[in-house]
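Got the model open in your viewer? Here is a short tour, one selection after another.

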Amino acid sequence: MSQQHLLSPMLSPKSLAIIGASGDKAKISFKPIANLKDVGYEGEVYLVNPKYDEIEGYTCYKDIDSLPSSIDLALISVSASKVKGILDELYKKKVKSVVTFSSGFTEIGEEGAKMEQELTEFSRESGIPICGPNSLGLFNFKERAIVSFSSLKYGQYDPVAFITQSGALGTLTYTMAKENGLGFQYFVSSGNEACVDFFDYVQYFAEQGDIKVIGGYLEGARDFEKMDTAIKACHQTDTPLVLIKVGNSAKGADAASSHTASMAGNANIYHSYLQQNNVVRVGDEEELIDTLAVFNKTSKPINPGGTVIVTQSGGAGILMADQFEVRGIELAELREDTKSALKDSLPAFASIKNPVDITAQVNQNPDQIIDSLNILLNDDQVQSIILYLQMTDEPFKPIISKLSQIAQEANKIFILCWSGIEQQTKDKVIDERNICWLPTPTRAANALANVLGYYRSQEQSSKGTSSSLQKQFDYHPIRGKQNEWESKQLLQSYGVTVPANTIVKSLEDIKSISLKFPLVIKALSSEIAHKSEYGLVKLNIASLEEAENAYCEIIENSNKYFPEKRLDGVLVEEMADRGIEVIIGAVQDELFGPSIMFGLGGVFIEVLKDVTFMPAPLTEKEAMRMIQSIKSYPILEGARSQVKYDIPALADALVKISHFCKTHTDSLEELDINPLIVHKEGGGVTAVDAFIVGKK
């Protein structure tokens with residue numbers, strides 16, 4: 001069943017029932033009635049409370065059984081202990097969806113959690129979606145339906161949907177957005193999400209034809225498959241998703257036994273996953289509102305190019321230019337004919353470099369601003385424009401309507417950053433509805449950087465193939481820690497290249513080896529994690545005599561330092577060709593399941609923490625995005641005329657390893673390939689060390 005079919009009665013209700021309605025204006029169960037009355041909701045409203053005959057002109061029924069059948073949405077505002085019984089009654093009346101304000105569930109402890117589980121089971125068995133419990137409700141301003149006890153005043157709205165896992169912070173965001181001229185068409189407080197979760201709503205709004213951008217406050221997803229499906233739905237409909245993600249946790253990292261697991265943590269996986277899936281992640285409420293405003297009030301630019309800053313203040317221009325450099329946004333290189341036209345249009349003291357400093361002289365002739373903007377909009381090297389004005393309300397009021405016309409007709413992103421203006425002027429700008437107004441230079445720069453970054457990533461992700469492995473591999477349960485040879489055998493069965501090797505258990509075995517020199521000789525044990533510092537690894541063995549000596553030293557050191565550890569023999573391998581070392585690993589995450597880590601070895605991972613994560617399995621395109629997302633990626637590409645490495649072979653290895661991890665979801669705990677050597681272009685890759693841990 002699609003989200004549209006399931007959630008439409010809840011988010012687009014044609015009829016409403018309020019269970020536990022009150023005529024007492026001091027109670028929260030009165031507020032939804034007042035909201036519906038004030039907003040002019042045109043659907044049917046049915047109230048249930050035996051104490052009243054009517055409230056605010058709406059008929060009040062004695063019980064649920066007296067209600068008509070097939071009401072779209074029922075609002076429950078009673079104590080937690082009564083909710084399940086009311087749901088059973090509503091089911092008999094064929095109610096299609098439910099919102100419940102009621103608190104006292106999981107948030108209060110074990111007893112509340114049991115009651116909440118009953119709601120989950122009811123929804124699953126009945127097919128009735130429930131928003132909440134512990135929700136402050138929702139609204140659909142397009143259809144004038146406010147199903148909430150909050151004071152969410154009806155007003156102008158934009159094609160923006162907002163979902164929040166915090167009711168209080170959600171209403172704060174809503175209020176701040178209204179003050180900045182941005183209205184939400186939809187608002188949902190998801191509450192405890194016993195039945196319908198955050199990403200069910202995201203998918204619903206992504207599939208709506210009239211929503212331009214979705215915003216949200218997310219503490220944590222509950223179901224990875226739902227999250228992934230919803231984000232893919234956003235991509236399919238070109239609907240940007242902008243999130244504040246809080247409540248990050250590194251739970252489990254302290255118990256890690258591999259290098260990968262020590263780098264992991266739910267927060268790192270979230271960050272990498274959202275980034276690589278082109279979800280715009282913002283730091284606070286202001287950045288969220290500003291970014292939503294730019295997506296909403298501007299159009300996707302039709303041509304590539306850079307940003308132009310047109311400023312009345314040289315300092316503000318420098319501030320924004322600095323911020324763009326930090327965020328990786330390029331300033332436009334203006335065409336010569338553009339510079340010439342600007343020189344003719346602007347005052348003599350103006351600077352026609354980018355940032356374009358129009359100076360305070362334009363106060364005498366504000367139409368020079370309009371002329372300059374039109375000149376810049378005709379430059380195909382320009383993708384976006386920020387116009388910065390400061391105070392000076394009176395001289396510039398006459399050009400507000402002209403700025404609105406420019407915003408309406410521009411096929412480039414246009415942002416007006418007008419700081420320090422009076423409320424009356426601000427209201428006039430906001431009333432134009434199509435001007436994207438932001439209050440400060442840094443906020444404007446950050447919001448524009450978020451939007452341009454989204455479009456850039458969107459364009460890049462549309463290139464290349466999404467092919468994945470077609471071969472089906474056998475599944476062999478993994479139990480406990482595997483030694484290096486066992487780990488490499490498992491990886492090799494999935495097509496990952498490992499060095500030619502053999503296990504020896506005596507000096508006689510050494511004499512009969514048929515591998516090519518030079519060799520590597522290592523102690524083989526699943527119980528010894530760090531071998532090099534104890535003399536248990538010998539490199540560049542060039543002869544049989546050296547091999548025999550290395551074997552004896554390893555046995556001696558093993559007995560000396562680890563007399564109680566099991567030794568499975570000695571692993572002898574051919575030395576791999578030179579290349580650059582990378583680390584590939586995997587951990588099991590409670591939400592994401594098996595998640596792949598990638599980064600360059602050495603200082604890049606140890607000190608700079610330059611790693612990225614993605615849930616398994618990976619497609620070829622996703623593997624390439626992982627590789628390209630690390631800061632040290634240019635090294636793999638041969639930065640500064642250095643060696644260019646075999647990136648396609650690395651991506652192929654990531655795909656194969658990810659499928660191994662996904663296939664072994666039920667038994668894999670950790671995987672660490674440290675290092676995997678990426679050889680020069682065309683040379684492939686070799687996993688020279690591997691460590692796999694299965695679940696006990």
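Accessible areas here come from the Shrake-Rupley method with a 1.4 Å probe. On that basis the protein chain exposes about 30,000 Å², and carbon and sulfur atoms supply 47% of this area. Keep in mind as you go that this is a predicted model.

**The whole chain**

Start zoomed out, with everything shown as cartoon. You should find 24 helices and 29 strands in the protein chain. Along the principal axes, the C-alpha atoms fill a box of roughly 95 × 80 × 40 Å. Of the 696 residues, 56% count as buried. Among contacts with a separation of 6 or more, 72% are between residues 24 or more positions apart.

Now colour by charge. The protein chain carries 67 positive and 91 negative side chains, yet the centres of the two sets lie 2 Å apart.

**Helix α2 and its surroundings**

Select residues 31-39, which make up helix α2. Which of its residues are buried? They are Pro32, Ile33, Ala34, Asn35, Leu36 and Val39. Next, bring up the strands that these buried residues pack against: β1 (15-19), β2, β3 (54-55), β4 (58-61), β5 (73-76) and β9 (145-148). Step past the end of the helix and you land on Gly40, with a positive phi near 80 degrees.

While you are here, show Lys37 as sticks. Its charged end sits over the ring of Tyr58, 5.1 Å from the ring centre.

**Leu47 in strand β2**

Strand β2 covers residues 44-48, and Leu47 is the one to pick there. Is Leu47 buried or exposed? Its relative accessible area is 0%, so Leu47 counts as buried. Leaving out neighbours within four places in sequence, Leu47 is in contact with Ile18, Ala21, Ile33, Ile55, Tyr58, Thr59, Cys60 and Tyr61. Two of these names have already come up: Ile33 is among the buried residues of α2, and Tyr58 is the ring under Lys37. For a distance to draw, try the C-alpha atoms of Leu47 and Leu67, which are 20 residues apart along the chain and separated by 8.8 Å.

**Aromatic stops**

Now show the aromatic side chains. The whole structure holds 26 aromatic pairs. One of them is Tyr204 with Phe205, an edge-to-face pair at 5.4 Å centre to centre, with 75 degrees between the planes. Both Tyr204 and Phe205 are buried. Jump on to Tyr454 and Tyr455, also an aromatic pair with edge-to-face geometry: 5.6 Å between centres and 70 degrees between planes. Tyr454 counts as buried because its relative accessibility is 3%, and Tyr455 is buried too, with a relative accessible area of 12%.

For a group rather than a pair, select Phe139, Phe141, Tyr154, Phe162, Tyr174, Phe184 and Phe187, which form one aromatic cluster. Then go to Lys245, found over the face of Tyr270 at 4.3 Å from the ring centre.

**Last stop: Ser384**

Finish in strand β17, residues 382-390, with Ser384 selected. How does its surface come out, buried or exposed? Ser384 is buried, because its relative accessible area is 0%. Which residues surround it, beyond neighbours within four places in sequence? Show Gly306, Thr307, Val308, Ile413, Leu448 and Leu452, the residues in contact with Ser384.

Methods. Residues are numbered from 1 along each chain as its sequence is written. Side-chain values use heavy atoms; hydrogens and water are left out. Helices (H or I, at least four residues) and strands (E, at least two) are DSSP runs, numbered from the N terminus. Buried means under 20% relative accessible area, exposed over 50%, partly exposed in between (1.4 Å probe, protein chains only). Contact means heavy atoms within 4.5 Å. Lys and Arg count as positive and Asp and Glu as negative; His and the chain ends are not counted. The place of a charge is taken as NZ of Lys, CZ of Arg, CG of Asp or CD of Glu. Rings of Phe, Tyr and Trp (its six-membered ring) pair if their centres lie within 6.5 Å; planes under 30 degrees apart count as stacked, over 60 as edge-to-face and the rest as tilted. A charge sits over a ring if NZ of Lys or CZ of Arg is within 6 Å of the ring centre and within 35 degrees of the ring normal.
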